Amino acid sequence: MKKLIMVISIVFIFFSGGISHAVDLKIQTGTNFDWWESNKDDQGYQIYVPVQIKTEYKDFSFLLLTAFTHTDSDLTGIKNHSLSCVVDTKVNFSYEILDKFPADILLGIDFNIPTGRTDLDNDDLMLFMNPDLISITSLGEGYNINPTITMAKEWENWAAGIGAGYLWRGEYDFSEETRDYNPGDLFNLTGEVTYAFLPDWQARLLGEYIYFDKDEVRNADFYQEGECLIIGLGFNHYRTKWDASFIAKGIFRDKSKFQELADGNVRTEDRNSCGNELSTHLSCNYYLNKNTTLKSLIQFLRVNENNYSSDSPLFVGKKQMTSLAFGITRIFSPRLEGELNLKGRILDDDKNWYYADERTYKGFSMGVKLKGTF
């Protein structure tokens, strides 16, 4: 908590100084509630309150994001457990270079400041085992630094962009049993091309490649996640009173490497422990008037079972989730905007390394946001 107070204090001291009269400070906060239950009488919920501070000055921009969260679970055969804390703080600085080169350039650098919780016990770890049911699944890491560069260009009916980033991740104590954990660094390359083939229609093709370095525990190689390739195809449609967007993405992961107990080295697994994923998103905005927008979103996710046999400890069965969301945004004044969201989901999860039977989950999320400009 002291680290968080220090970070936010520095931000307000900086922007209350010499440039405070030249920039607008945008603050967003609110609250979100996630609830879920399974057909095996497991249930849980999470409440979190995010705080986002953003400002721009000429070609520079600054963003700070953190949250307070409370998570509770009641699992069959395990006592009820809960945890409340502040999560890590994310800080971003970026600089735009426009109309000076053949392509526009965005330079950025992100920092993760460890204001959250690490060194969790087994009860705490149980709270965050399924990222499809709650919004926040990581309370804290070490110091991370992520420099990025993005280039974009438009011509006639076309637009294209490419970006690259390198994430350096610092060491921290992951849990009581996994101390001195050094997550591997990460390199990613992204690209997107759009084409307006009709006045109110646009097609999108996007891709991303991610490479993961080796994780270490107490300076010994522990695990290396396989390389990841993401490919997506989408369409946007624009009308005077409404617009819609559809995108389908495929995620394909290579074989990972696990530590061999015999010699401590990491070896490539015999089969692929991660099944391929397919997700679709269909969203629509309806502009009721100049101050009010109605929003809807339908999402579908399917993860295929991995390549291990069903009696292997590394087997993970297929997973399928459908969610439906509605929202409304309202501009109350030039300096105040609000948003209300409601989302429901159904998740069918086959047996895996943790559960020996199939499970069906249902749940919902409610969220309120307020955005103010000062």
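**A predicted chain built mainly around paired strands**

With 374 residues, a compact globule would have a radius of gyration near 21 Å, and the chain agrees with this at 22 Å. The radius is taken over C-alpha atoms, and the globule rule is 2.2 Å times the number of residues to the power 0.38. The model is predicted, so local features need pLDDT of at least 70 and side-chain atom pairs count only at pLDDT 80 or more, while totals for chains, interfaces and linings use all residues. Residues are numbered from 1 along each chain as its sequence is written, and side-chain values use heavy atoms, with hydrogens and water left out.

Along its principal axes the C-alpha trace spans about 60 × 50 × 45 Å. Buried residues (under 20% relative accessible area, with exposed over 50% and partly exposed in between, for a 1.4 Å probe and protein chains only) make up 37% of the 374 residues. The accessible surface, from the Shrake-Rupley method with a 1.4 Å probe, comes to about 21,500 Å², and 59% of this belongs to carbon and sulfur atoms. Among contacts (heavy atoms within 4.5 Å) with a separation of 6 or more, 56% are between residues 24 or more positions apart.

For the charges, Lys and Arg count as positive and Asp and Glu as negative, without His and the chain ends. Each charge is placed at NZ of Lys, CZ of Arg, CG of Asp or CD of Glu. The mean positions of the 38 positive and 53 negative charges are 6 Å apart.

The chain has two helices and 22 strands. These are DSSP runs, numbered from the N terminus: helices are H or I with at least four residues, strands are E with at least two. Two strands count as paired if DSSP finds at least two bridges between them. Strands of a sheet pair through backbone hydrogen bonds, either parallel or antiparallel.

One route through the pairing starts at strand β1 (residues 25–38), which runs antiparallel to strand β2 (residues 43–57) and is joined to it by eleven bridges. Gln-28 stands opposite Gln-52 in β2. The two strands form a hairpin with four residues between them, and Asp-41 in the turn has a positive phi of about 70°. β1 also pairs with β22, in the antiparallel sense over 13 bridges; there, Phe-33 has Met-366 as its bridge partner.

Strand β22 (residues 359–373) pairs in turn with β21, antiparallel over 14 bridges, and Asp-349 is matched with Arg-359 in β22. β21 (residues 336–349) is joined to β20 (residues 319–333) by 14 bridges, again antiparallel. In this pair the partner of Ser-323 is Arg-345, and two residues lie between the strands of the hairpin.

Another hairpin is made by β14 and β15, with three residues between them. Strand β14 (residues 228–238) and strand β15 (residues 242–253) are antiparallel over eleven bridges, with Tyr-238 opposite Asp-243. β15 also pairs with strand β18 (residues 277–289), antiparallel over ten bridges, where Ile-251 has Glu-277 as its partner.

An open sheet of five strands follows the order β9-β12-β13-β16-β17, with antiparallel pairing. Its edge strands are β9 (181–182) and β17 (266–268), each of which pairs on one side only. Two bridges join β9 to strand β12 (residues 215–217), and Tyr-181 stands opposite Val-217 in β12.
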